[in-house]
Each structure stands twice: as structure tokens, then as C-alpha cells.
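Here is a friendly walk through one protein model, written for someone who likes to keep the structure open while reading. Please have a look at it first.

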Amino acid sequence: MNSPFPSSTAAGGTQKNGTGARRWTRRLPWLGGALLVALIAAGLWPKPLPVEVAVVTRGDLAVTVNEEGMTRVKNRYVITSPVAGQLRRIEWKAGANVEAGKTELAVLESAGADLLDERSQVQAEARVRAAEAARDQASAQRNRAAVSAKLQRDDFARQQQLFKLGTLSRQEFETAEMRAATGEQEERAAAFAVQVAEFELAQGRALLLRGQPAGAASRAEPLVVKAPVSGRILRVLQESERFVPAGFPLLEIGDPTDLEARIEVLSRDGVAIQAGARVLLEQWGGPRPLAARVRWVEPSAFTKISALGVEEQRVYVVVDFTDPLEARPTLGDNFRVEARIVTWEGRDVLKAPAGALFQHGGNWQVFVIEGGKVRLRSIKVGHSNGLETEVIEGLSANERVVIYPGDKVADGSRVEAISVEAK
């Protein structure tokens with residue numbers, strides 16, 4: 001049976017499809033506009049700021065004063081002409097080894113210049129008596145230094161055993177080690193002083209004998225100046241033959257292995273440096289830094305013009321080497337070193353990179369990364385060495401902080417870490 005409405009049904013379907021097509025055609029501009037707006041919004045949406053970050057850690061922290069210095073021989077002796085006379089050419093060169101009382105350093109032809117009149121005779125006798133007293137005093141100081149050094153060595157041995165057992169702190173152990181090293185150096189210096197005093201006494205007696213009328217035969221012989229101490233020649237002050245007056249400097253002798261270093265620091269930094277402070281000497285030419293201890297800070301400062309033309313008050317800090325001679329066999333007198341003098345050090349300290357900290361409103365602040373965003377946080381800081389800073393309050397270990405935040409970084413900014421530095 002044929003449908004009663006064949007033509008009207010087909011027409012209605014065609015009309016409905018045409019209406020839907022027209023509706024989608026009318027919506028296309030709106031859809032295109034919405035897509036364009038979405039693309040523009042996506043393009044203008046702020047991207048995460050790339051920042052460098054570091055991790056807050058726990059560890060050792062040391063505050064140091066970094067300055068340059070020079071090494072120098074502790075105990076040196078300048079050989080002078082005992083009388084006026086014609087000096088023969090000195091053949092010795094710097095670096096030659098000499099032995100006390102045996103090595104002939106210089107020869108003087110006095111030609112009667114050491115003949116003493118009555119007044120000079122009295123002075124020479126007084127000089128001999130003063131040399132004897134100085135020799136006795138130096139001997140007493142050597143004995144006292146030897147006893148003190150033995151006491152310090154025994155005490156250090158006991159402290160060393162306690163430190164191995166864990167009943168002694170590292171600071172107390174290092175203090176005992178410093179006292180033992182200082183005692184050894186004082187004993188060595190006292191022995192050197194005795195050698196010098198004995199040489200002065202021998203020279204005084206020899207001149208007294210040559211200056212007497214009965215010593216005419218001895219005056220005919222040249223006056224030989226021998227080494228007062230064992231060591232090496234540091235400098236030859238007068239090499240050529242010439243006439244020299246009494247007291248004219250000829251050579252300088254010392255032991256180049258018995259070194260100390262003199263560091264030049266600003267006076268405001270010298271106030272914070274204490275005797276016994278640990279020192280690292282770098283850039284001296286060896287493969288690793290040398291360990292040393294501060295002996296003293298000189299009490300008087302001096303004015304020096306810096307490279308920028310600024311007047312500075314500086315003071316010398318004298319340090320003793322604690323590393324054995326085998327660690328510095330080629331280090332000599334007046335060699336340049338770079339020193340790092342420890343003024344404070346702590347262990348298991350919470351620390352953050354100094355570049356992550358900045359001041360705002362009188363408070364120290366830092367940007368901490370939390371869930372892809374940075375949060376501004378106020379903290380309380382302690383000691384700092386310029387690279388790392390002690391954090392007392394406001395941060396915890398393993399938190400990440402932004403290093404050198406720029407002007408675009410603000411509280412709540414979205415960030416992306418481009419590098420992580422583990423300090």
C-alpha cells in the first residue's frame with residue numbers, strides 16, 4: 001500500500017537537513033573566533049621563569065680571612081766585620097751549606113786596625129763580659145724551653161690518646177697540638193740563640209787578644225770569620241774585595257727549612273684573628289695546601305696604599321707551619337703564599353648559598369620553591385664566608401632556594417629550575 005504522504009515526507013527531510021547545515025555554517029565564525037582567542041590566551045599566558053636553584057644542606061662551615069703573605073726564615077744571622085780592614089773576595093754563593101765553628105766565611109786583613117788603646121781595651125773587656133752574660137742567659141732560656149717543650153709533648157701524647165677514645169673534643173686536641181708545636185719552635189729558637197751567643201763571645205775574646213800588645217804576632221795573621229751557626233747562606237751582602245769598616249754586613253745565614261710565614265691583613269680583620277687559629281697556605285707551588293697555625297698578631301699596624309690609591313691600615317700575622325718538611329722541600333725564604341686564616345668554624349651547620357640571600361626592609365629573605373612556585377620567606381642568618389651562610393631560623397635541610405633571583409621573580413611566581421647546585 002502506497003503511503004498517503006510520499007512527497008511531503010521527503011520534502012520535510014530535505015528542509016531539516018538544510019536548516020542544520022545553515023546552523024553549523026553560522027557557528028563556524030564563532031568557533032573560529034573562540035579558537036583564535038584560546039590560541040592568543042595560550043600564547044600570552046605567562047611561562048614559568050627559568051631560575052637556578054640550590055639545596056639547603058648541613059655540613060662544616062669556616063669563615064676565613066684571605067690575604068697574601070711571604071715566607072721567611074725564623075732565625076737568621078747577619079755576619080758583620082768585627083774590625084775595620086781589607087776584605088778578601090767572598091767566594092760563597094747563596095744556598096751553600098755552612099757548619100757552626102768550622103766553615104770560614106770571610107777573611108779580613110786588619111793590618112793593626114784591631115790594636116786597642118786603653119779606652120778601647122776597657123770597652124772590649126766589657127763587651128766580653130756582656131757576651132758571657134748573654135751566653136749564660138741564652139743557656140738558661142734554652143734549658144727552660146727544653147723543659148717546657150717536653151712537658152707540652154707529653155701533654156699532647158695524653159690528649160692524643162683521649163681524642164682517639166672519643167673523650168676529648170677536636171678543639172681541645174688541636175689546642176694541645178698547637179702548644180706542642182709552639183714549644184718545639186721555642187726550643188729550636190733558644191738553641192739558635194745559644195749558638196749565636198757563643199759565637200759573639202768567641203769573637204769578643206779573639207778581638208781582645210788581638211788588640212793587646214802581646215798579640216802582635218796574631219795580628220799579622222788575617223782575621224778569619226767563621227760561621228756562628230749551622231745552616232745555609234741566604235744572601236751574600238758583600239762579595240767583592242774592598243776595605244770595610246767595623247760592623248759592615250757581609251753575609252746572612254739561616255736555616256731555610258725553619259720557616260714561618262708573615263701574612264699582611266687589614267687591621268679590622270686582624271682583630272678577629274686569635275693565636276692558634278688554623279691556617280691554609282695555598283698557591284705556593286705545591287700540589288696541595290700547607291697547614292699552619294697562627295703564632296701571634298703583631299701589636300702595631302702600619303699604613304699602606306692599596307692598588308686603588310686608598311690608604312689602609314694593615315697588620316702582620318705570623319704563622320708557623322705544622323706540615324712536615326717533606327711536604328714543602330723546595331719552599332724557601334721570601335716565597336709568596338696565599339693564606340686562608342680561619343676566624344670561625346662550625347660543624348653540622350645548616351647553610352645556604354650566600355647568593356640566595358638578600359636584604360629587604362632590614363631583614364634577610366630568600367625565595368623558596370614550593371610546588372613549582374616561589375615563596376618569599378624571612379630568615380635569620382649567622383656566620384658567612386662569602387660563599388655559604390649559616391641559617392639559624394627560617395629554612396630546613398633539603399629545601400630548594402633560588403640563587404641570584406632577578407627583578408622578575410616575586411612571591412608566588414611560577415618558576416622552572418634550570419640547574420640544581422648541591423652545596
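Which residue lies over the face of tryptophan 296? Arginine 295 does, at 4.8 Å from the ring centre.

## About the model

This is a predicted model, in which local features need pLDDT of at least 70, side-chain atom pairs count only at pLDDT 80 or more, and totals for chains, interfaces and linings use all residues. Residues are numbered from 1 along each chain as its sequence is written, and side-chain values use heavy atoms, with hydrogens and water left out.

## Charges over rings

Arginine 242 also has its charged end over a ring, that of phenylalanine 248, 4.7 Å from the centre. Such a contact is counted if NZ of Lys or CZ of Arg is within 6 Å of the ring centre and within 35 degrees of the ring normal.

## Aromatic pairs

There are four aromatic pairs in the structure. Phenylalanine 163 and phenylalanine 173 form one that is stacked, with 4.5 Å from centre to centre and 15° between the planes. Rings of Phe, Tyr and Trp (its six-membered ring) pair if their centres lie within 6.5 Å; planes under 30 degrees apart count as stacked, over 60 as edge-to-face and the rest as tilted.

This pair links helix α2 (residues 118–165), home of phenylalanine 163, to helix α3 (residues 170–211), home of phenylalanine 173. Helices (H or I, at least four residues) and strands (E, at least two) are DSSP runs, numbered from the N terminus. Phenylalanine 163 counts as partly exposed because its relative accessibility is 25%, while phenylalanine 173, at 12%, counts as buried. Buried means under 20% relative accessible area, exposed over 50%, and partly exposed in between (1.4 Å probe, protein chains only). Ring pairs also bring in Phe156, which forms a cluster with Phe163 and Phe173.

## An open sheet

Four strands make an open sheet in the order β3-β10-β8-β5, with antiparallel pairing. Two strands pair if DSSP finds at least two bridges between them. The edges are β3 and β5 (97–98), each pairing on one side only.

Five bridges join β3 to β10 (residues 249–254), and threonine 80 stands opposite proline 249 there. Side chains alternate along β3 (residues 76–80): Tyr77 and Ile79 point to one face and are buried, whereas Arg76, Val78 and Thr80 point to the other and are not. At the other edge, β5 and β8 (residues 231–236) pair over two bridges, with asparagine 97 opposite arginine 232.
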